[in-house]
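Please open the model in your viewer and keep the selection panel at hand. The stops below are meant to be followed in order.

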Amino acid sequence: MVKRFDGREYNQLRKINIKLNVVDNAKGSAIFSFGDTVALAAVYGPKPSKMSLDYEKAFLRIRYNMLTFSTPERKKPTPGRREIELSEVIKRALEPALLLEEIPGSIIDIYIEILNADAGTRTASINAASLALSLAGIPMKDLVVALAVGKVGEKIVVDLNKEEEDYNSEKLKKDPEKLKYIEYYGEGGATDIPVAIIPSEKKFTLIQLDGEISNKELNDALNLALEKSLEIKNLMRSNILKHLSSSSNFIY
Ligand code: ADP
């Protein structure tokens, strides 16, 4: 039976890999991967900031960066418009879960590096940052969990890889070996919908949509995202608990 390009079922996430506190100098850090998409997040602070003394809550500063060797085509080392925009998107996805008013007059820096990219870097980044914030002891209501859902051809799927994001049935028709995938996905292009969720509140803190989709399909996709966010959250949570119980500085 034909399945997705990489052999997954429609509702199957790529393999998730989590590594915690990988950066010695950071207050909290984490690597989160969805298959070949690997994001590293490191949190510094909170530290007092003259800049934020006027604010009643901590100021969150985020820098998302894709390393030049993270993609098959070498990307420019200087931060581009996409990186500046994604830094803001990630900040807005995380902020609603953080209790920044509990640490007024301070600044929290989060540095995100994409070590390898195969689509879904913003969602992997949000998960890595969420883990790193929790390890840094930043007060938060819940972990923020992010993933992409979408429509490839006519099929609703979860966690699109780059080959799926680039899906175009007309182009595939030129390659006889790929015809079987048109039977699976159907005709058309791809619509990618990265989302971030606060699972305990079933609240979406990010929904972006690149492409076309009907209301009914969007509803199905978002329900699939909610369902899969719990799977990711459980994995993130169990990794944190395992890490804390095995680390020597854990205070009971
Ligand atoms: P996301 O990574 O969150 O899905 P995009 O939709 O902007 O964000 O990018 C999709 C994928 O396209 C990336 O994960 C990466 O694999 C590839 N990509 C994005 N920007 C570049 C770039 N400047 N150079 C090479 N590949 C890129």
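Begin by selecting the ligand, which in this predicted model sits in the largest pocket. Extend the selection to the shell around the ligand, which comprises 13 residues, and centre the view on the closest of them, namely Arg82, Ala119, Gly120, Thr121 and Arg122. If you colour the shell by residue class, it divides into three nonpolar, three polar and seven charged residues.

Next, switch to a cartoon and highlight helix 2 (121-135) together with helix 3 (162-165), since each of these helices supplies at least two residues of the shell around the ligand.

Now show the oxygen atoms of the ligand and go through the polar contacts one at a time. At glycine 120, a polar backbone atom is 2.8 Å from an oxygen atom of the ligand. At threonine 121, by contrast, select the side chain, where a polar atom lies 2.6 Å from a ligand oxygen. Then move to glutamate 165, whose side chain has an N or O atom 3.2 Å from an oxygen atom of the ligand. With these contacts displayed, add a surface: the ligand on its own has 530 Å² of accessible area, and the protein covers 79% of it.

For the last stop, select threonine 191, which lies in strand 8 (residues 190-198). Is this threonine 191 buried or exposed? Threonine 191 counts as buried because its relative accessibility is 4%, which is under the 20% cut-off. Finally, display the backbone of glutamate 212 as well, and you will find that the side chain of threonine 191 reaches the backbone oxygen of glutamate 212 at 2.7 Å.

Terms used:
Residues numbered from 1 in each chain as written. Predicted model: local features only at pLDDT ≥ 70, side-chain atom pairs only at ≥ 80, totals over all residues. Heavy atoms only, no water. Near = heavy atom within 4 Å. Polar contact = N/O pair within 3.5 Å; in protein donor to acceptor, adjacent residues only side chain to side chain. Areas by Shrake-Rupley, 256 points an atom, 1.4 Å probe, with all protein chains shown as cover. 1 Å grid on protein atoms, 1.4 Å probe; cavity = no way out; pocket = protein on both sides within 12 Å on 5 of 7 lines; lining within 4 Å. Sits in = over half its atoms within 2 Å of the grid points. Helix = DSSP H or I, 4+ residues; strand = E, 2+ residues; numbered from the N terminus. Nonpolar A, V, L, I, M, F, W, Y, C, P; charged D, E, K, R; others polar. Buried < 20%, exposed > 50% of the residue type's maximum accessible area, 1.4 Å probe, protein only.
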